[in-house]
Amino acid sequence: MHLKKAFLLLFLLTAACGANAAAPTATEPPTPAATPTPDWMLEGWNLVWQDEFDGETIDSDNWTHEVGGHGWGNGEAQYYSDDPKNSYIEDGVLVIQALQENVSGKLYTSARLSTQGKVEVAYGRIEARIQIPVGQSLWPAFWMLGNDIDQVGWPFCGEIDIMENIGSEPSVIHGTVHGPRYFGANGVGMAKRLSGGAQYTDEFHIFAIEWEEDEIRWYMDGQMYQKLTPAAVPGDWVFNHPFFIIVNLAVGGEWPGYPDGTTTFPQIMKIDYVRIYEKADAVE
């Protein structure tokens with residue numbers, strides 16, 4: 001009789017403890033990690049073309065090698081080749097390499113790549129992330145020419161220099177336009193100088209223009225340093241039609257001068273990407 005009561009008491013206590021136990025709570029799903037904003041997204045702009053140089057070779061759908069050693073109108077000393085040693089992709093970067101070697105009577109080789117007939121644009125934001133070399137006679141450039149150059153010639157087609165540098169001035173880049181009555185040394189533009197002894201060759205920088213029908217603005221690392229309108233040029237404003245893009249590394253020329261005892265080779269220009277944007281309201 002006492003044994004039965006003991007079992008009954010144990011049963012009741014166990015039931016009571018179970019009744020008072022907290023009900024299990026549902027496990028909440030973990031908060032998903034935020035998706036990083038792609039670095040090519042810019043507020044107020046839509047990306048319409050890009051070359052991130054992520055492939056194994058230079059994309060021939062985007063770029064054509066311009067080949068020759070005729071001085072390119074500037075008395076340049078290099079022969080531009082399509083040899084892979086002068087231009088190649090490495091670690092997601094387009095490398096343009098200038099070498100000291102004799103080809104077709106020239107003492108130096110390099111590369112010049114153009115989007116002519118492949119990628120052409122009128123208006124928008126055109127930008128590239130570039131690290132330039134340093135040294136007497138070097139002349140890296142990121143620039144544009146009007147796509148009617150074969151019909152009207154230069155400078156009537158127009159030229160927009162988004163970034164030019166002469167290697168003897170590693171802290172200075174130039175943004176310039178050329179057109180009828182303002183070409184060559186009479187081009188209209190402005191220099192952007194780094195402060196504190198910094199040099200453009202130290203690291204990558206983003207060079208860009210924002211181009212509208214009656215205005216072109218130049219930017220370096222997001223800072224606007226120049227704005228030009230038709231009133232700023234002494235001739236016709238020839239920037240209301242499509243242009244194509246050029247990237248190149250020249251050696252020598254009337255502006256930068258020629259190699260001397262301080263100039264060493266090889267020299268490289270690195271281009272992380274080239275991108276074209278349209279204003280968001282222009283493509284809605």
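Here are some informal notes on this structure, point by point.

1. Before anything else, keep in mind that you are looking at a predicted model. Everything below was computed from that model.

2. Start with the largest pocket, which has a volume of about 760 Å³. It is lined by 30 residues, and the ones closest to its centre are Asn-74, Trp-139, Trp-154, Glu-159 and His-178. If you want to find the walls, look at strand 10 (138-146), strand 11 (159-164), strand 12 (172-178), strand 13 (188-193) and strand 17 (243-251), the elements that each give two or more residues to the lining.

3. What is the lining of the largest pocket made of, in terms of nonpolar, polar and charged residues? The split is 14 nonpolar, 10 polar and 6 charged.

4. Now for the aromatic rings. A search of the whole structure turns up 11 aromatic pairs. Take Tyr-123 and Trp-211: their ring centres are 5.5 Å apart and their planes meet at 70°, so this pair is edge-to-face. The cut-off behind that label is an angle over 60 degrees. Tyr-123 sits in the loop between strand 8 (120-121) and strand 9 (124-131), while Trp-211 belongs to strand 14 (residues 205-212), so the pair ties together parts that are 88 residues apart in sequence.

5. The two partners in that pair are worth checking for exposure. Tyr-123 is partly exposed, with a relative accessible area of 26%. Trp-211 has a relative accessibility of 2%, so it counts as buried, because buried means under 20%.

6. Trp-211 has another ring partner to look at. With Phe-243 it forms an edge-to-face pair, 5.2 Å from centre to centre and with 80° between the planes. This pair also links distant parts of the chain, as Trp-211 is in strand 14 and Phe-243 is in strand 17, 32 residues apart. Phe-243 is buried, and its relative accessible area is 0%. Step back and you can see a cluster, in which ring pairs link Tyr-123, Trp-211, Trp-237, Phe-239 and Phe-243.

7. Rings can have charged neighbours too. Which ring does the charged end of Arg-275 sit over? It is the ring of Tyr-273, with the charged end 3.4 Å from the ring centre. Arg-125 has a similar arrangement to look up: its charged end sits over the ring of Tyr-219, 5.5 Å from the centre.

8. Next, pick out Gln-226 in strand 16 (residues 223-228). Is Gln-226 buried or exposed? At 4% relative accessibility, Gln-226 counts as buried. A polar atom of its side chain lies 3.0 Å from the backbone oxygen of Gly-175.

9. Here are two pairs of residues to compare in sequence and in space. Val-95, in strand 5 (residues 93-103), is buried with a relative accessible area of 2%. Val-95 and Ile-268 are 173 residues apart in sequence, yet 6.4 Å apart in space from C-alpha to C-alpha. Then there is Ile-206 in strand 14, which is partly exposed at 27% relative accessible area. Ile-206 and Ile-271 are 65 residues apart along the chain and 9.9 Å apart in space, again C-alpha to C-alpha.

10. Have a look at the backbone around two prolines. The bond joining Trp-154 and Pro-155 is a cis peptide bond, with omega about 15°, and Pro-155 is in the loop between helix 2 (149-152) and strand 11. Trp-154 is also one of the residues closest to the centre of the largest pocket. The peptide bond from Phe-265 to Pro-266 is cis as well, with omega near 0°. You will find Pro-266 in the loop between strand 17 and strand 18 (267-279).

11. Last, two residues with a positive phi. Ser-104 has a positive phi of about 50° although it is not a glycine. Ser-104 lies in the loop between strand 5 and strand 6 (106-110) and is exposed, with a relative accessible area of 61%. Asp-221, another residue other than glycine, has a positive phi near 50°. Asp-221 is in the loop between strand 15 (215-220) and strand 16, and with a relative accessible area of 40% it is partly exposed.

Technical notes:
Residues numbered from 1 in each chain as written. Heavy atoms only, no water. 1 Å grid on protein atoms, 1.4 Å probe; cavity = no way out; pocket = protein on both sides within 12 Å on 5 of 7 lines; lining within 4 Å. Points joined across faces, edges and corners; volume = space filled by probe spheres on them. Helix = DSSP H or I, 4+ residues; strand = E, 2+ residues; numbered from the N terminus. Nonpolar A, V, L, I, M, F, W, Y, C, P; charged D, E, K, R; others polar. Phe/Tyr/Trp six-rings, centres within 6.5 Å; stacked < 30°, edge-to-face > 60°. Buried < 20%, exposed > 50% of the residue type's maximum accessible area, 1.4 Å probe, protein only. Lys NZ or Arg CZ within 6 Å of the ring centre and 35° of its normal. Polar contact = N/O pair within 3.5 Å; in protein donor to acceptor, adjacent residues only side chain to side chain.
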